[in-house]
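User: Please choose one part of this model and look at it closely, then set it beside other places in the chain. Give the cut-offs for any term you use.

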Amino acid sequence: MRGALGGPRVLLRRLREVMAEPVSAQDRLDKIVVMIAANMVAEVCSVYVLRVDASLELYATEGLSRDAVHMTVLGAGEGLVGLVASEAQALNLPNAQSHPAFSYKPETGEEIYNSFLGVPILRAGITLGVLVVQNRAHRTYSEEEVEALQTTSMVLAEMIASGELSSLARPGAEPAVRRAVQAKGLALAEGIGLGHVVLHEPRVVVKNFIADDAQKELKRLDQAVDTLRASIDVMLEEEGMSRAGEHRDVLEAYRMFAHDRGWLHKMREAVMTGLTAEAAVERVQSDTRARMQRQTDPYLRERLHDLDDLANRLQRELMGADQPKRDELPENAIVVARNMSPAALLDFDRSRLRGLVLEEGAATSHVAIVARALGVATVGQIENAASLADPGDPIIVDGDAGEMHLRPPVGIESAYGEKVRLRARRQEQYAALRDKPAISKDRQRVQLLINAGLVVDLPHLAETGADGIGLFRTELQFMVAATLPRTGEQLGLYRAVLDAADGKPVTFRTLDIGGDKVLPYMRALEEENPALGWRAIRVGLDRPALLRIQLRALLHAAAGRDLRLMFPMVSAVEEFDRARKLVERELTHLRRHGHKLPDKVQIGVMVEVPALLFALDEMLERADFLSVGSNDLVQFMFAADRGNARVADRFDALSPPVLRALKSVADAGRAHDKPITLCGELASRPLEAMALIALGYRKLSVSAAAIGPVKAMVLGLDVGAAEKVLAPMLEVQKNGRSIRETLQAFAAETGVPV
Ligand code: PEP
Ligand code: MG
């Protein structure tokens with residue numbers, strides 16, 4: 001390295017000595033800047049620390065005026081230092097003062113220095129400060145010098161992260177490393193959780209940065225890379241994938257990166273500067289993370305995520321036994337993860353788990369489905385959550401608003417504490433309604449059923465006092481499993497469900513896969529429009545073996561009891577005819593082989609495809625009952641993808657087109673004397689449920705958490721009065737108050753809790 005005295009390895013060794021000296025934080029920083037300046041033959045070396053208020057404060061300097069230390073503060077993004085921090089990228093300039101971002105701070109006396117090299121002080125991809133060297137001469141610092149300064153900055157990153165510098169800060173101007181972070185993402189599972197951070201994939205904490213023997217470290221690195229490559233090959237070979245959610249293309253990307261020469265080269269170079277193998281991985285990974293945060297192209301971002309993941313694996317490989325073992329979950333744990341498989345979520349101790357924060361995740365992702373079933377407050381799409389949070393940090397998950405508050409200020413924490421207490425009180429009130437039937441003021445009985453799909457849902461039946469299970473989503477068992485559930489496993493689940501229901505009705509929906517419901521072990525089809533593609537009953541009819549196995553398991557499980565089953569996404573009566581024939585064939589088969597049969601089999605159809613709205617009479621002549629899947633029906637009626645946040649809530653379901661359609665189903669059911677249920681999310685919201693009752697629905701299947709609020713609404717409702725308010729609004733629409741507003745006003749006037 002040009003001009004450097006003794007090279008980076010000597011510097012790192014000396015830094016290690018300084019880190020171990022029993023001196024004050026300021027003395028340590030002062031010594032460090034002197035050493036770096038001398039080593040790099042720079043006239044100036046300064047450390048700026050990012051503060052909670054997003055400004056950068058000069059914490060130490062060699063070469064600039066000492067009086068400027070703790071006095072010079074640069075606003076967010078101000079000057080060259082601000083630029084290095086905001087871009088999280090090194091800046092190497094032979095003529096700094098001509099750069100448009102240059103900002104002159106007279107108290108520092110820096111006007112005489114022309115060349116400037118600034119590197120971000122990064123930890124896990126998050127900027128904590130900026131390290132700068134300057135020279136009078138116009139010089140461009142070499143690649144090696146930039147590398148060396150970046151490596152040195154890691155030591156400073158650890159110093160800042162350890163909290164050692166906080167004692168030097170004025171109140172309100174502490175280093176940002178421990179700052180409160182409030183982030184808004186997607187509400188995935190309702191509820192509020194207060195607790196402490198547990199990282200799902202514990203970050204590897206590198207303690208030993210500086211190596212004595214570079215050759216030995218190179219060998220360790222090479223060996224670890226070899227082991228990593230071999231383990232990816234094994235994963236790729238393993239039939240059905242070893243871990244749920246790790247799709248083949250991700251593994252292929254891993255393999256590609258693991259063999260990437262550039263990646264390995266960078267890490268080896270970092271080792272040659274004097275770092276240990278694990279510190280070298282961290283150094284390169286930190287750059288990757290910083291790049292990831294600047295990357296807006298979703299595809300490239302995803303690839304950088306893969307690379308980040310791979311580096312984590314490599315570090316675990318290198319440090320293996322040195323890492324602390326995962327303890328038991330502490331009380332009030334909030335798990336923070338990039339993403340998680342549903343099976344991993346089910347492995348946590350539910351009694352201690354208060355919430356979940358994901359960097360990824362969508363409303364329809366499997367982990368979100370399981371989180372809802374478990375009642376774990378969950379938010380998704382929180383950028384960098386796992387990098388920002390440290391184990392044990394206080395954290396709040398607001399699964400209603402989709403917010404995360406990391407290291408919250410006292411005010412926020414007490415406000416949420418109050419919210420949680422209020423919620424608990426409301427839950428007690430709902431619990432008190434458990435054994436009361438849902439009967440309106442004018443004596444209309446409404447059946448309230450729950451939607452379920454997993455074994456963990458079953459206790460909800462007794463907890464809520466629901467009238468039964470109106471929708472059992474059988475695909476969830478398939479979605480959370482690592483491999484296709486065998487007949488015996490299916491049978492076991494269906495029996496357990498019927499046992500838990502203890503005579504209350506259960507409506508099983510046959511496999512509803514395809515579209516957004518992807519099975520990790522089945523190759524996903526490339527479809528232009530998966531929601532309109534090969535899914536649900538279409539798959540069942542084209543792959544009758546799969547459907548027949550399920551039907552057989554259902555018929556077996558219900559031996560000697562009543563069985564209600566229904567088919568999803570039926571678009572035409574012929575599909576129902578074919579599906580029913582499969583049921584009859586299975587019944588004949590069981591009968592012929594002397595098996596005990598269900599006492600009664602009722603077969604229904606989900607109304608989810610608008611075409612069925614115009615075939616209700618034909619359908620009702622064939623089916624024993626109908627169940628409206630409003631999630632799908634509304635998405636298809638408005639042609640607005642239910643999983644696309646941009647359009648999902650654009651149209652109001654409480655509008656004449658939807659309500660007229662829903663009324664036509666209820667009316668047809670009455671005319672044919674066949675029961676009609678509504679089992680989409682619509683029924684889970686009290687105001688919407690009130691509208692459905694006013695349209696004629698008397699069976700609503702809702703999420704378990706909605707039973708209390710919907711029942712409270714029914715108990716306070718005069719159905720006749722609501723009908724009178726709603727009916728005229730379904731006629732020709734006039735300008736004025738919307739149906740939603742009208743119903744809200746009606747509820748307020750009559751004291752119905754919605
Ligand atoms: C629906 O579409 O409303 C429904 C209940 O089914 P799912 O949400 O499982 O698609
Ligand atoms: Mg549906």
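Analyst: **From a loop to the ligand site**

Val41 sits in the loop that runs between helix H2 (25–39) and strand S1 (44–50); helices (H or I, at least four residues) and strands (E, at least two) are DSSP runs, numbered from the N terminus. The model is predicted, so local features need pLDDT of at least 70 and side-chain atom pairs pLDDT 80 or more, while totals for chains, interfaces and linings use all residues. Residues are numbered from 1 along each chain as its sequence is written, chains are lettered from A and ligands numbered from 1 in written order, and side-chain values use heavy atoms, without hydrogens or water.

The backbone at Val41 has a positive phi, near 50 degrees, in a residue other than glycine. Val41 counts as partly exposed because its relative accessible area is 40% (buried is under 20%, exposed over 50%, partly exposed in between; 1.4 Å probe, protein chains only). Asn384 also has a positive phi, of about 60 degrees, and is not a glycine. The loop that holds Asn384 lies between strand S12 (377–380) and helix H12 (385–388). Asn384 counts as buried, because its relative accessibility is 14%.

The main subject is the site of ligand 1 and the magnesium ion.

Ligand 1 is surrounded by 14 residues, and the closest are Arg473, Arg509, Glu608, Asn631 and Arg642 (one heavy atom within 4 Å is enough to count). Strand S16 (469–473) and helix H21 each give at least two residues to this shell. The largest share comes from H21, with three residues.

Three side chains can be followed into polar contacts with ligand 1 (pairs of N or O atoms within 3.5 Å). For Arg473, an N or O atom of the side chain is 2.8 Å from an oxygen atom of ligand 1. Glu608 places a polar side-chain atom 2.8 Å from an oxygen atom of the ligand. For Asp632, the separation between a side-chain N or O atom and an oxygen atom of ligand 1 is 3.0 Å. On its own, ligand 1 has 290 Å² of accessible area, and the protein covers 99% of that (Shrake-Rupley method).

Two of these residues, Glu608 and Asp632, are also the protein donors of the magnesium ion (ligand 2), through OE and OD, and lie 2.0 Å from the ion (donors are N, O and S atoms within 2.8 Å, or 3.2 Å for Na, K and Ca). The two donors come from distant parts of the chain, 24 residues apart: Glu608 from the loop between strand S19 (600–607) and helix H20 (616–622), Asp632 from helix H21 (residues 630–638). Both donors are buried.

Val607 belongs to strand S19. It counts as buried because its relative accessibility is 0%. The C-alpha atom of Val607 is 6.7 Å from that of Leu626, although 19 residues separate the two along the chain.

What does Asp632 share with other charged side chains? It is linked with Glu475, Arg509, Asp512, Arg535 and Arg642 in a network of salt bridges (a side-chain nitrogen of Lys or Arg within 4 Å of a carboxyl oxygen of Asp or Glu). One bridge joins Asp512 to Arg509, with the closest N and O atoms 3.4 Å apart. Asp512 is classed as buried because its relative accessible area is 0%, and Arg509 is buried too, because its value is 2%. Arg509 is also among the closest residues to ligand 1, as is Arg642.

By the rule given, the model has 41 salt bridges. Two others serve for comparison with the buried pair. Glu158 bridges to Arg123, with the closest N and O atoms 3.3 Å apart. This pair joins distant parts of the chain, 35 residues apart, with Glu158 in helix H4 (residues 143–161) and Arg123 in strand S5 (residues 115–123). Glu158 counts as partly exposed because its relative accessible area is 21%.

Glu584 and Arg580 form a further bridge, at 3.9 Å between the closest N and O atoms. Both lie in helix H19 (residues 573–592), four residues apart, about one turn of the helix. Glu584 is partly exposed because its relative accessible area is 40%, and Arg580 is classed as partly exposed because its relative accessibility is 24%.

Notes
Polar contact = N/O pair within 3.5 Å; in protein donor to acceptor, adjacent residues only side chain to side chain. Areas by Shrake-Rupley, 256 points an atom, 1.4 Å probe, with all protein chains shown as cover.
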